[in-house]
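This briefing is set out by topic for a reader working from the coordinates. It covers one pocket, charged side-chain pairs, a helix with its aromatic surroundings, and one lysine.

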Amino acid sequence: MQEQSSKGNPMEAPSDADKLWAATVIDCEGCISIKRAGKHGPSQVPYYSPNVFVGNTDRRMIDDFYRAFGGAVGTRKRVGNHKLVHIWRVHNKAAYEFTRLVRPFIRYKTRQADLLMEFWENKPS
């Protein structure tokens with residue numbers, strides 16, 4: 001996946017309307033997950049990373065996520081006759097911060113959102 005990313009978000013804080021819109025898209029088109037990101041250290045202890053992403057064939061939606069919440073934008077290669085998919089994603093602390101912002105507006109993926117936030121708040125330093 002090719003990506004363009006933003007370290008932090010220099011824009012102003014998203015409005016409640018932005019948060020509601022983002023939560024609705026996450027509920028329908030998004031994914032909230034904790035994935036195994038690899039191993040690190042001498043003992044090769046597994047490392048887990050909270051992630052939130054949205055994929056859509058309409059680049060405008062992905063650009064709106066990027067403008068409102070920062071993160072990273074990329075594309076997935078076409079497979080067969082499928083259209084090119086544009087991806088917006090955040091991981092680690094940015095995933096936690098995004099989820100915390102939109103959680104009051106999430107309707108269907110509440111369990112995933114709550115688990116992601118609990119994971120981040122209780123992770124070992």
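His 40, Pro 46, Tyr 47, Tyr 48, Phe 119, Trp 120, Lys 123 and Pro 124 line the second largest pocket. The model is a predicted one. In addition to this pocket, the structure holds 6 salt bridges, and the count of aromatic pairs comes to 7.

**Second largest pocket**

- The space in the second largest pocket amounts to about 190 Å³.
- Two elements, strand 3 (45-56) and helix 4 (110-121), each supply at least two residues of the lining.
- Strand 3 provides the largest share of that lining, with 3 residues.
- By residue class, the lining divides into 6 nonpolar, 1 polar and 1 charged.

**Salt bridges within a helix**

- Among the 6 salt bridges is the one between the side chains of Arg 59 and Asp 63, at 2.7 Å from N to O.
- Both Arg 59 and Asp 63 belong to helix 2 (residues 59-69), where they are 4 residues apart, about one turn of the helix.
- Arg 59 counts as partly exposed because its relative accessibility is 31%, and Asp 63 is likewise partly exposed, with a relative accessible area of 23%.
- In helix 3 (residues 93-102), Arg 100 and Glu 97 lie 3 residues apart, about one turn of the helix, and their side chains meet in a salt bridge of 2.5 Å, N to O.
- Arg 100 has a relative accessible area of 42% and is therefore partly exposed; Glu 97, with 27%, is also partly exposed.

**A salt bridge between distant parts of the chain**

- Arg 103 forms a salt bridge with Asp 114, and the closest N and O atoms are 2.6 Å apart.
- This pair links distant parts of the chain, 11 residues apart: Arg 103 lies in the loop between helix 3 and helix 4, and Asp 114 lies in helix 4.
- Arg 103 counts as partly exposed because its relative accessibility is 21%, where under 20% would make a residue buried.
- Asp 114 is partly exposed, with a relative accessible area of 33%.

**Helix 2 and the aromatic cluster**

- The buried residues of helix 2 are Ile 62, Phe 65, Tyr 66, Ala 68 and Phe 69.
- Just after helix 2, Gly 70 adopts a positive phi of about 70°.
- One aromatic cluster is formed by Trp 21, Phe 65, Phe 69, Trp 88 and Phe 98.
- The count of aromatic pairs is 7, and one of them is the edge-to-face pair of Phe 69 and Phe 98, with 5.0 Å centre to centre and 85° between the planes.
- Phe 69 is in helix 2 and Phe 98 in helix 3, so this pair ties together parts that are 29 residues apart in sequence.
- Phe 69 counts as buried because its relative accessibility is 11%, and Phe 98 is buried with a relative accessible area of 4%.

**Lys 19**

- Lys 19 is located in helix 1 (residues 16-29).
- Lys 19 counts as buried because its relative accessibility is 14%.
- Apart from neighbours within four places in sequence, the contacts of Lys 19 are Pro 14, Phe 69, Leu 101, Val 102 and Phe 105.
- One of these contacts, Phe 69, is also a member of the aromatic cluster.

Key:
Residues numbered from 1 in each chain as written. Predicted model: local features only at pLDDT ≥ 70, side-chain atom pairs only at ≥ 80, totals over all residues. Heavy atoms only, no water. 1 Å grid on protein atoms, 1.4 Å probe; cavity = no way out; pocket = protein on both sides within 12 Å on 5 of 7 lines; lining within 4 Å. Points joined across faces, edges and corners; volume = space filled by probe spheres on them. Nonpolar A, V, L, I, M, F, W, Y, C, P; charged D, E, K, R; others polar. Salt bridge = Lys/Arg side-chain N within 4 Å of Asp/Glu carboxyl O. Buried < 20%, exposed > 50% of the residue type's maximum accessible area, 1.4 Å probe, protein only. Contact = heavy atoms within 4.5 Å. Phe/Tyr/Trp six-rings, centres within 6.5 Å; stacked < 30°, edge-to-face > 60°.
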